[in-house]
Amino acid sequence: MVQPIKKTIELGDGRTITLETGKLAKQADGAVELRMGNTMLLATVVSAKEAGEGVDFMPLQVEYKEKFSSNGRFPGGFLKREGRASDYEILTARLVDRVLRPLFPDNYHADTFVNIIMFSADGNDAPDALAGLAASAALAVSDIPFNGPISEVRVARVDGEFVINPTFEQIEKADMELMVGATYENIMMVEGEMKEVSETDLLAALKAAHEAIKVQCKAQMELAEAVGAIKREYCHETNDEDLRADVREKCYDKAYAVAKAGCADKHWRQNSFDAICDEYIESLPEEERDEKTPLVKRYYHDVEREAVRRCILDEGVRLDGRKTTDIRPIWIETDYVPGPHGSAVFTRGETQSLATVTLGTKLDEKIVDDVLNQGHERFLLHYNFPPFSTGEAKPQRGVGRREVGHGNLAHRALKSMLPDNFPYVCRIVSDILESNGSSSMATVCAGTLALLDAGVNMKKPVSGIAMGLITDSDGSKYAVLSDILGDEDHLGDMDFKVTGTRDGITATQMDIKVDGLSYEVLEKALMQARDGRMHILDKIQEAIPQPRADYKPQVPRIVTMTIPKDLIGAVIGPGGKIIQGIQEASGATVSIDEIDNAGYIEVAATNKDSMDKALDMINAIVELPEEGKVYTGTVRSILDFGAFVEFMPNRDGLLHISEISWDRLPDMEASGIKEGDTLTVKLIEVDKKSGKFRLSMRALQPKPEGYVEPQRAPRGPRRDGGNDRPQRGDRGPRRDGGNRPPRAPRHED
């Protein structure tokens with residue numbers, strides 16, 4: 001019997017997390033089974049023994065997969081098996097990747113694969129908050145070099161209190177929800193959304209999350225010690241220290257001069273930096289070039305990085321000549337594309353987003369069918385990053401993980417600012433046409449502008465900014481950079497994106513690439529980001545101070561109404577016959593759902609006549625009959641004593657022969673009424689016991705002068721030969737010998 005090694009982590013609220021190794025997937029370099037309640041994840045890691053030829057980076061791939069069987073469900077579709085990763089799985093894998101990747105040794109270049117599989121779920125605890133812990137634990141017990149461990153937790157503020165790894169129900173109630181990844185010493189990654197919280201509240205949440213992460217990192221250290229994990233030796237780089245020193249000596253001053261030139265043209269800077277490297281390679285003896293070129297390029301990259309960073313730290317000069325707090329020039333144009341329901345171009349420096357808005361009906365909702373999340377999404381945001389936006393000559397093939405991640409950040413930034421009870425399904429598409437830093441934040445700004453251009457009455461406009469950081473090697477000097485360039489992101493120590501309104505933060509994403517970043521530095525970055533956000537919001541509101549007064553002509557108009565639950569079937573009709581008939585007759589689109597024990601109807605139409613006709617038909621169905629009201633109806637059947645008239649949809653009333661005319665008619669033939677005739681009638685009575693309806697035509701006609709109501713003829717002898725039947729009102733003695741009370745007269749008597 002296998003004896004696994006276990007470690008238990010207490011969450012402090014009665015819940016526990018158990019890490020276990022040595023039982024499953026033993027041929028992987030590292031494997032850990034994680035359990036929390038009925039949620040179970042298996043994380044495995046395998047790394048090649050040797051690096052690929054010419055590889056000078058960390059080829060890491062992280063995959064997160066959820067099994068439908070984990071929650072007792074079948075996958076959808078014809079194949080009935082798990083297929084390509086869902087957006088949720090991609091986003092979870094990215095969260096893990098972003099924390100793990102910086103912690104592998106710089107000179108470790110072997111192909112490494114981390115797989116996290118959810119085998120069981122209870123629908124109560126969110127598994128994405130456990131994936132980072134499981135992956136790190138698998139690395140901790142393996143022989144793969146790794147400067148961890150790390151862990152990730154979700155922190156939410158519920159009723160003013162911070163909760164670590166909240167349940168799905170608690171997340172719904174939270175006004176602040178963050179995923180935080182960290183080592184025992186430092187925060188590495190943050191991503192989440194908030195309902196306009198302050199910078200101080202965000203920092204408090206980070207501190208609460210980090211304290212919980214420290215406990216989980218300590219447990220992994222103890223697990224690795226119990227396993228006796230020893231890290232493998234490797235040699236993935238061959239270096240020439242004399243060549244490294246020569247490259248620095250001959251290239252540093254030239255690279256520093258380019259960095260200090262302050263040119264805003266990205267391509268000029270890149271060409272100038274490349275020319276320095278090319279010039280050095282040309283200076284090498286021809287017989288050595290092929291062998292030394294890869295090393296020269298690696299060493300020159302380090303030289304360029306150092307020159308750019310020292311120029312910023314020592315002289316306060318950025319690559320494009322800005323000060324550390326300056327925002328690049330912004331130009332905006334709304335209503336740029338005539339076809340969509342809303343559009344805008346937002347350009348900041350060399351980063352440009354063209355955003356469009358489409359407003360649709362319930363039929364346009366996105367159906368979500370993930371393992372633990374089923375439902376409908378009414379707000380969609382899609383981000384596209386074509387290669388031409390950076391001047392690259394390569395094909396664009398499908399949506400990449402980066403596009404999913406950037407689109408998700410912008411989606412979280414904007415969604416809470418849509419109007420409450422917004423009747424439309426809304427889709428924003430951001431196409432990045434130029435990129436040099438922070439295209440996701442340009443998407444947030446362009447999305448806000450396009451929504452306002454579409455006439456969407458947002459609660460508040462939202463802007464976004466990306467902050468960078470350059471630190472000295474000993475941490476004695478640092479510079480926080482507003483509105484970073486692509487090169488500043490690549491060569492810097494932090495990429496910190498913050499979105500929000502004038503009243504608070506709505507979303508954030510942070511990746512930190514340096515150890516020992518203090519909360520003091522984070523606070524400075526947040527406050528500097530706030531100043532930048534306000535500047536950008538001023539530009540947005542200069543361009544479009546208020547939402548468009550009305551929707552554009554091509555936008556479908558939507559009217560919503562609520563009806564009693566018991567009338568839903570009447571609107572739908574047998575087999576959908578009624579609702580389909582309404583749509584065919586009016587040209588409008590009608591949908592109906594049961595929400596909160598009531599019927600929620602949504603009617604969409606492209607013109608007023610179509611809308612009015614659909615609403616009239618629906619109101620006729622759901623309207624309650626009202627005594628004294630006049631209706632137009634259709635004769636459905638004729639009997640000896642009158643006609644049944646459908647005066648409202650699916651509601652028939654009796655038009656008695658005596659209520660057709662003030663004249664006494666001998667029979668229905670004399671009335672001239674036929675089946676299918678359209679009549680105007682008045683509802684004169686709703687029987688309170690039976691619910692039957694009495695209609696009248698004569699009540700709508702003037703009463704003849706001197707009219708006397710005809711008397712009812714005697715009823716004649718009974719069949720048994722006895723005396724005449726008692727007249728109405730004279731009911732005779734009761735069986736017990738007492739007198740009966742007189743019968744109430746009929747209305748027509």
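Below, a user and an analyst talk through strands, helices and a cavity in a predicted model.

User: How do you know which features of this predicted model may be discussed?

Analyst: Local features need pLDDT of at least 70 and side-chain atom pairs count only at pLDDT 80 or more, whereas totals for chains, interfaces and linings use all residues. Residues are numbered from 1 along each chain as its sequence is written, and side-chain values use heavy atoms, with hydrogens and water left out.

User: Happy with that. What makes β9 and β10 a pair?

Analyst: Two strands pair if DSSP finds at least two bridges between them. Strands β9 (residues 176-183) and β10 (residues 187-197) have seven bridges, in the antiparallel sense, so they pair under that rule. Within this pair, Val180 stands opposite Val190 in β10. As for the names, strands are DSSP runs of E with at least two residues, helices are runs of H or I with at least four, and both are numbered from the N terminus.

User: What makes β8 and β19 edge strands?

Analyst: The open sheet of eight strands has the order β8-β7-β9-β10-β21-β20-β18-β19, with antiparallel pairing. β8 (161-164) and β19 (478-482) each have a single partner strand, so one side of each is left without a neighbour in the sheet. Neighbouring strands here are turned by 20° against each other on average, direction ignored; axes are lines fitted to C-alpha atoms, for helices over the stretch in contact, and angles run from 0 to 180 degrees between N-to-C directions.

User: How do you know that helix α4 packs on the sheet?

Analyst: Contact means heavy atoms within 4.5 Å. Helix α4 (residues 199-227) touches β7 (150-158), β8, β9, β10 and β21 (504-512), and its direction makes about 45° with that of β9. Helix α9 (residues 439-453) also packs on the sheet, touching β18 (463-471) and β20 (494-501), at about 160° to the direction of β18.

User: Why is the pairing of the sheet with five strands called mixed, and which strands stand at its edges?

Analyst: The order in this open sheet is β11-β12-β13-β17-β16, and the pairing is mixed. One parallel example is β16 with strand β17 (residues 425-434), joined over six bridges, where Leu380 stands opposite Arg427 in β17. At the edges, β11 (330-334) and β16 (379-384) have a single partner strand each, so one side of each lacks a neighbour in the sheet. Helix α11 (residues 519-543) lies across β11 and β12, running at about 35° to β11.

User: What makes the β5, α1 and β6 unit left-handed?

Analyst: A crossover is right-handed if, with the strands pointing away from the viewer, the path from the first strand over the helix to the second runs clockwise. The β-α-β unit of β5, helix α1 (residues 87-100) and β6 is left-handed. Strand β5 (residues 60-66) and β6 pair in the parallel sense over seven bridges, with Lys65 opposite Ile117 in β6. On β6 (residues 112-120), eight bridges also join strand β4 (residues 39-47), which runs antiparallel to β6.

User: Why is the empty space lined by Arg15 and Met36 called a cavity?

Analyst: On a 1 Å grid over the protein atoms alone, a cavity is a set of points where a 1.4 Å probe fits but cannot get out, and lining residues have an atom within 4 Å of a point. The structure holds one cavity of 30 Å³ or more, and the largest has a volume of about 40 Å³. Among its lining residues are Asp125, Arg154 and Asn165.

User: What makes Pro149 and Glu196 worth a look?

Analyst: Most residues other than glycine have a negative phi, and most peptide bonds are trans. The peptide bond from Gly148 to Pro149 is cis, with omega near 5°, and Pro149 is found in the loop between α2 (128-140) and β7. Glu196, in strand β10, has a positive phi near 55°.

Notes: 1 Å grid on protein atoms, 1.4 Å probe; cavity = no way out; pocket = protein on both sides within 12 Å on 5 of 7 lines; lining within 4 Å. Points joined across faces, edges and corners; volume = space filled by probe spheres on them.
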